[in-house]
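User: I have a protein model open and would like to learn how to read it, feature by feature. Could you walk me through it?

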Amino acid sequence: MNRLIEKCLMIVFVFLLASCAKDLTPQESIAEAREYVETRDFSAANITLKNAALKYPDNADVRYELAGVALSLGDAHGAEKEARRAVE
């Protein structure tokens with residue numbers, strides 16, 4: 001039961017963090033995500049890029065970076081999906 005509460009709190013925290021996120025351009029989001037990747041914080045990079053993808057759904061650069069982060073997280077299906085979106 002405690003694990004469920006911890007997971008719920010973590011989800012709430014992520015959504016609160018995302019809602020308080022800075023208003024970044026696509027290039028600023030990519031730069032921030034790359035900083036996270038350099039420190040091997042792929043989850044933070046993923047969140048940053050997913051927020052950018054929600055705000056700029058047609059930005060190929062964001063989608064390309066998101067595909068790379070998905071691969072780093074071991075999500076081959078997600079990486080393929082984002083790579084396809086990047087070239088559309």
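Analyst: Happy to; we will go from the overall layout to the core, a few residues and a pocket. Keep in mind that this is a predicted model.

User: Let's begin with the layout. How many helices and strands does the protein have?

Analyst: A good habit is to list the elements in order. Here there are 5 helices and 0 strands, so the order from the N terminus is, by the DSSP runs, α-α-α-α-α.

User: How do I get a feel for the packing as a whole? What percentage of the residues is buried?

Analyst: Start with burial, then look at contacts and surface. Of the 88 residues in the protein, 30% are buried. Among contacts with a separation of 6 or more, 37% join residues 24 or more positions apart. The accessible surface is about 6,500 Å², and carbon and sulfur atoms hold 59% of that surface.

User: Now the interior. Which residues make up the largest nonpolar core?

Analyst: The idea is to look for buried nonpolar residues joined through their side chains. In this model the largest such core has 9 residues: Ile30, Ala33, Ala45, Leu49, Ala52, Ala53, Val62, Leu66 and Val69. Helix H2 (26–38), H3 and H4 each supply at least two of these residues. The largest share, 4 residues, is from H3.

User: Could we look at one core residue? Is Ala53 buried or exposed, and what is the reason?

Analyst: Compare the relative accessibility with the cut-off. Ala53 counts as buried because its relative accessibility is 7%, and buried means under 20%. Ala53 sits in helix H3. Setting aside neighbours within four places in sequence, Ala53 touches Val62, Arg63 and Leu66. Take Arg63: the C-alpha atoms of Ala53 and Arg63 are 6.8 Å apart, with their positions 10 residues apart in sequence. Ala52, another member of the core, has contacts with Ser29 and Val62 once the same kind of sequence neighbours is left aside.

User: And what does an in-between case look like? Which residues does Val37 contact beyond its sequence neighbours?

Analyst: Val37 belongs to helix H2. At 30% relative accessible area, Val37 is partly exposed. Beyond the four nearest places in sequence, Val37 is in contact with Phe42, Ala45 and Val69. Val37 and Val69 are 32 residues apart in sequence, while their C-alpha atoms lie 7.8 Å apart in space.

User: I also check backbone angles. What is the phi of Arg40?

Analyst: When a phi value is positive, look at the residue type and at where the residue sits. Arg40 has a positive phi of about 65° although it is not a glycine. Arg40 lies in the loop between H2 and H3. With a relative accessible area of 64%, Arg40 is exposed.

User: Last, pockets. How much space lies in the second largest pocket, and what lines that pocket?

Analyst: Read the volume, then the lining, then its chemistry. The second largest pocket holds about 210 Å³ of space. Its lining has 14 residues, with Lys50, Arg63, Leu66, Lys81 and Glu82 nearest the centre. Helix H3 (42–55), helix H4 (60–72) and helix H5 (76–87) are the elements that each give two or more residues to this lining. H5 gives the most, with 5 residues. By class, the lining counts 6 nonpolar, 2 polar and 6 charged residues.

User: Does any residue link the pocket back to the core? Which one should I click on?

Analyst: Try Leu66: this residue is one of those nearest the pocket centre, and Leu66 is also part of the largest nonpolar core.

Key: Residues numbered from 1 in each chain as written. Predicted model: local features only at pLDDT ≥ 70, side-chain atom pairs only at ≥ 80, totals over all residues. Heavy atoms only, no water. 1 Å grid on protein atoms, 1.4 Å probe; cavity = no way out; pocket = protein on both sides within 12 Å on 5 of 7 lines; lining within 4 Å. Points joined across faces, edges and corners; volume = space filled by probe spheres on them. Nonpolar A, V, L, I, M, F, W, Y, C, P; charged D, E, K, R; others polar. Buried < 20%, exposed > 50% of the residue type's maximum accessible area, 1.4 Å probe, protein only. Contact = heavy atoms within 4.5 Å. Areas by Shrake-Rupley, 256 points an atom, 1.4 Å probe, with all protein chains shown as cover. Core = buried A, V, L, I, M, F, W, Y, C linked by side-chain atoms within 4.5 Å.
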